Every structure is written in structure tokens, then in C-alpha cells.
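Here are some notes to go with your first look at this one. Keep the viewer open and follow along point by point.

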Amino acid sequence: MADNEHDIVAKPLKNAGASLVSNTILQGKGPLKYAIREDAVADADNGWRFFAENDTDPLSTEMTPIDFNLILQMQPAVFGIYEYPAGSTLQLVVSPDGAAQWWDNDLEHPVKVRAPKAEELADDAPDDDNSDHTNETK
């Protein structure tokens, strides 16, 4: 697996559920900056709420529910925070070289990220740069 968060390749997660994402992010008007995990409000809800850097008021921000795996495609750094508990308030800090680091807004320090185990990945997850595939016929 990767040595640091900048090297993580985000693969789809099994049963990742849906998250609420700011329309500012979805419309390309601001980068993902804040991640807040609340208690889920529905079966498919995983509790994650993602806000853009320029969203000024979470209560008035228009949000859209989307599959967590689509968020991974937009910002692979969310891969490492998926299992943080409800109550987490995190901020994504991206350095000029593109390295991403999550910070705990309440404790004001960087957080450790965890790479999901192989069994947590979706079956259709792409291999890690393996071009040596064999064709199987059924």
C-alpha cells in the first residue's frame, strides 16, 4: 500500500453508501475542503457531509446525495477517512505540490488515515497498475 496519503490510489468501497455533497463542489465552483460526519438519517446514508472551501454557511449550503465512490473519484483523499466516526470534523489541507493531509478541526492536529483492507474494496475495483491480466471464459 502507499507510504503516504499523497500516494493513495482510491478504489471503490463495498457498500460505501451515499453522502451529502455541496453543490458548489459538484458544479466545479470550489474544491472539497471540509468533511463532517453526522449520524446517518437513512439506510443508504453513511453520514458524511462534504463542503467546498468557499461554502460559508453549512446550514444554507445546497447539498446533493451521491454515492461515496463518486466522491472518491473527485477527491481520492477521502479514501482514508471513510471510517472516522460520527462527530468528526475534518479539513483537507493541500500543499502546493498537491500532497493532501486531513486535519481535525476540533483538536487542531493532523489525523491518521487508514487504507481499507482488500475485502472492503468493491469486486470491480481496478488492480494496482497490473497490466498482466488473463481472460477467463465462463
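1. A word on terms before we start: helices and strands here are DSSP runs, numbered from the N terminus, with at least four residues for a helix and at least two for a strand. Keep in mind too that this is a predicted model. With those labels, aspartate 106 sits in the loop between strand E6 (100–104) and E7; we'll come back to that residue at the end.

2. Now the overall layout. The protein chain has two helices and seven strands, and along the sequence they run β-α-β-β-β-α-β-β-β. Of its 138 residues, 36% count as buried. If you look at contacts between residues at least 6 apart in sequence, 63% of them join residues at least 24 apart.

3. Next, the sheet. In what order do the seven strands line up? Going across, you'll meet E4-E1-E3-E2-E5-E6-E7, in an open sheet with mixed pairing. Strand E4 (63–67) and strand E7 (109–110) are the edges, each pairing on one side only. For a closer look at one pair, try strand E2 (residues 32–37) with strand E3 (residues 45–52): they are antiparallel and share five bridges. Alanine 35 is opposite phenylalanine 50 in E3.

4. That phenylalanine turns up again in the core. The largest nonpolar core has 23 residues, and Phe50, Phe68, Val78 and Trp102 are the ones that touch the most other members. E2, E3, helix H2 (68–74), strand E5 (89–94) and E6 each give two or more residues to this core. As background, nonpolar side chains tend to be buried together in soluble globular proteins. Have a look around phenylalanine 68: beyond residues up to four places away in sequence, its contacts include Leu13, Trp48, Phe50, Val78 and Tyr82.

5. On to charges. How many salt bridges does a search of the whole structure find? It finds two. One joins the side chains of glutamate 38 and arginine 49, at 3.2 Å from N to O. Glutamate 38 is in the loop between E2 and E3 while arginine 49 is in strand E3, so this pair ties together parts that are 11 residues apart in sequence. Aspartate 45 also forms a salt bridge with arginine 49, with the closest N and O atoms 2.8 Å apart. Shared partners therefore put Glu38, Asp45 and Arg49 into one salt-bridge network.

6. Are the members of that network buried or exposed? Aspartate 45 and arginine 49 are both buried, with arginine 49 at 4% relative accessibility. Glutamate 38 is partly exposed, at 42%.

7. Compare arginine 37, in strand E2. Arginine 37 is buried yet has no salt bridge. The nearest side chain of opposite charge is glutamate 83, 7.5 Å away; a salt bridge needs the nitrogen within 4 Å of a carboxyl oxygen, so this pair doesn't qualify. Setting aside neighbours within four places in sequence, arginine 37 is in contact with residues including Asn46, Trp48, Tyr82, Glu83 and Tyr84.

8. Finally, back to aspartate 106. Why does it count as exposed? Its relative accessibility is 55%, and the cut-off for exposed is over 50%. Beyond neighbours within four places in sequence, aspartate 106 is in contact with Gly87 and Thr89, and its side chain makes a polar contact of 3.1 Å with that of threonine 89. Leucine 90 is 16 residues from aspartate 106 in sequence, with 8.2 Å between their C-alpha atoms.

Methods: Residues numbered from 1 in each chain as written. Predicted model: local features only at pLDDT ≥ 70, side-chain atom pairs only at ≥ 80, totals over all residues. Heavy atoms only, no water. Pairing = 2+ DSSP bridges. Buried < 20%, exposed > 50% of the residue type's maximum accessible area, 1.4 Å probe, protein only. Contact = heavy atoms within 4.5 Å. Polar contact = N/O pair within 3.5 Å; in protein donor to acceptor, adjacent residues only side chain to side chain. Lys, Arg positive; Asp, Glu negative; His and termini not counted. Core = buried A, V, L, I, M, F, W, Y, C linked by side-chain atoms within 4.5 Å.
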